[in-house]
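Trainee: Could you take me through this model and show me how each label is earned?
Mentor: Gladly; let us look at the structure together and set each value against its rule.

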Amino acid sequence: MLPDLLVAVPAYREMWAAVWAAAGDLPAAVTAAYKLETALSGWSGESDATITVLIARAWLTLCQRTDWQGTTELLITTALRCRAARHRPEADTVRTARNAHAAWHLLREEDPQAAADLAVPLADMLAILGEDDRRNDVLAREQIPVASTV
């Protein structure tokens with residue numbers, strides 16, 4: 001179910017429709033989602049509508065399957081913002097965190113140094129969300145002592 005703000009305000013409803021109309025052109029869809037997220041954030045802060053659009057932008061970015069560093073960073077940020085906003089359903093937050101972990105693995109294959117740079121922020125986010133197995137995977141792969149995070 002869409003947040004009221006995305007349904008009730010014609011300009012936002014049109015912008016939301018434009019995001020999905022552009023979905024065949026992922027870069028355009030990501031740009032449209034970013035513009036809507038920015039507009040919503042300016043109007044209503046970290047509202048449910050803003051977080052919903054952020055999640056959509058993160059998912060569309062992940063679907064591009066490019067720029068694993070930027071994608072991983074966005075997914076980490078998205079999961080933390082979802083958590084801070086107490087976004088419902090919580091499954092969105094967990095799925096975003098798990099996608100961040102998966103994207104990080106792809107980044108690790110492509111650019112080990114960039115993955116190492118994101119290991120602690122990723123591990124911290126996973127710890128905050130109770131994703132201990134994934135957190136331990138990151139710490140073990142990067143040989144980071146457990147005490148040096150969160």
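Mentor: Keep in mind that this is a predicted model. We begin with helix α3, residues 26-44, which has 19 residues and reaches 26 Å from its first C-alpha to its last, close to the 27 Å expected at 1.5 Å a residue.

Trainee: Which residues of α3 are buried, and how do you know whether they line one face of the helix?

Mentor: The buried residues of α3 are Ala29, Val30, Ala32, Ala33, Leu36, Glu37 and Leu40. Seen down the axis of α3, these buried residues fall within an arc of 160 degrees, so they line one face of the helix. Behind this lies a general point: an α-helix has 3.6 residues a turn, so residues three or four places apart point the same way.

Trainee: What does the buried side of α3 pack against, and which exposed residues sit on the face turned away from it?

Mentor: The buried residues of α3 pack against α1 (4-8), α2 (10-21), α4 (48-64) and α5 (68-84), while the face turned away carries the exposed residues Lys35 and Gly42.

Trainee: Why does Arg57 count as buried?

Mentor: Buried means under 20% relative accessible area, and Arg57, at 13% relative accessibility, therefore counts as buried. Arg57 has its place in helix α4 and, leaving aside its neighbours within four places in sequence, is in contact with Val30, Ala33, Tyr34, Glu37 and Leu74.

Trainee: How many aromatic pairs are there, and what makes the pair of Trp16 and Trp20 edge-to-face?

Mentor: The count comes to two aromatic pairs. The rings of Trp16 and Trp20 have their centres 5.6 Å apart and their planes at 80 degrees; ring centres must lie within 6.5 Å to pair, and planes over 60 degrees apart count as edge-to-face, so this pair is edge-to-face. Both residues lie in helix α2, four residues apart, about one turn of the helix.

Trainee: Why is the pair of Trp20 and Trp59 called tilted?

Mentor: Trp20 and Trp59 are 6.3 Å apart centre to centre, with 45 degrees between the planes; because that angle is neither under 30 degrees nor over 60, the pair counts as tilted. The pair links distant parts of the chain, with Trp20 in helix α2 and Trp59 in helix α4, 39 residues apart.

Trainee: Are these three residues buried or exposed, or in between?

Mentor: Trp16, at 13% relative accessibility, counts as buried, whereas Trp20, at 35%, counts as partly exposed, and Trp59, with a relative accessible area of 46%, is partly exposed. Ring pairs link Trp16, Trp20 and Trp59 into a cluster.

How values were computed
Residues are numbered from 1 along each chain as its sequence is written. This is a predicted model: local features need pLDDT of at least 70, side-chain atom pairs count only at pLDDT 80 or more; totals for chains, interfaces and linings use all residues. Side-chain values use heavy atoms; hydrogens and water are left out. Helices (H or I, at least four residues) and strands (E, at least two) are DSSP runs, numbered from the N terminus. The expected span of a helix is 1.5 Å times one less than its number of residues. Buried means under 20% relative accessible area, exposed over 50%, partly exposed in between (1.4 Å probe, protein chains only). The arc is that of the directions from the helix axis to the C-beta atoms. Contact means heavy atoms within 4.5 Å. Rings of Phe, Tyr and Trp (its six-membered ring) pair if their centres lie within 6.5 Å; planes under 30 degrees apart count as stacked, over 60 as edge-to-face and the rest as tilted.
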